[in-house]
Amino acid sequence: MEAIGRMASGVAHEVRNPLGVILGGIEFLELKLAKGDRDILIAISKMKESALRASDILRNMLAFSKPTEVKIEKVDLKKLITESLALLKYSFVFKSITIENDLPKENIFINVDRNQFQQVLFNILMNAGEAMPNGGKVYVKLFKTTKADSDTQACVVDIIDTGAGIPKENLDKV
């Protein structure tokens, strides 16, 4: 995982520079053609949106790939799930997959290592996506509950996909 993180970080840094040049060029064209042909302005706007989206993906990828020491902190789990889903939205694996979520209106805070928890979410979601090569749906639900034998509060993250599931002969390996 650390090697993948270093590679992702290197790729993100290498792509960020040409992307900055592209965004600068788009903004230059926007200024020069401000009163130009409507179709050209629409095309420039679409290019800018795509370049900014790519920039966001790189920023998320860099944040995700940084190896860190375990750092337990109070984290907004709803926000963390939203960020993880945004990271996957443009992944090639999720091209034909719909991602739906059911997140509570209120924020749910937990004490956890933010980066490690996000990696776990990311890995589970990627596995779900890879289990549906012909498309499907991933559903993510977050809710609070009380543990059965106590008054202790807990939160649950349900991740459900429409993939084939784990074959019976492999269940004992999970």
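Axes are lines fitted to C-alpha atoms, for helices over the stretch in contact, and angles run from 0 to 180 degrees between N-to-C directions. The model is predicted: local features need pLDDT of at least 70, side-chain atom pairs count only at pLDDT 80 or more, and totals for chains, interfaces and linings use all residues. Residues are numbered from 1 along each chain as its sequence is written, and side-chain values use heavy atoms, with hydrogens and water left out.

**View 1. Helices against the sheet.** Helices (H or I, at least four residues) and strands (E, at least two) are DSSP runs, numbered from the N terminus. Helix 3 lies across strands 2, 4 and 5 and runs at about 170° to strand 4. Helix 4 (residues 114–130) packs on the sheet and touches strand 2, strand 4 and strand 5, its direction making about 25° with that of strand 5. Contact means heavy atoms within 4.5 Å.

**View 2. The open sheet.** The sheet has 3 strands in the order 2-4-5, with mixed pairing. Strand 2 and strand 5 (153–161) are at the edges with a single partner strand each, so one side of each has no neighbour in the sheet. From one strand to the next, the twist averages 15°. Two strands pair if DSSP finds at least two bridges between them.

**View 3. Strand 2 beside strand 4.** Strand 2 and strand 4 (residues 136–146) run parallel and are joined by 6 bridges. I99 is opposite V138 in strand 4.

**View 4. Surroundings of F94.** F94 sits in the loop between helix 3 (77–89) and strand 2 (97–102). F94 counts as buried because its relative accessibility is 3%; buried means under 20% relative accessible area (1.4 Å probe, protein chains only). Leaving out residues up to four places away in sequence, F94 touches L88, I99, L125, M126, G129 and V138.

How values were computed:
Buried < 20%, exposed > 50% of the residue type's maximum accessible area, 1.4 Å probe, protein only.
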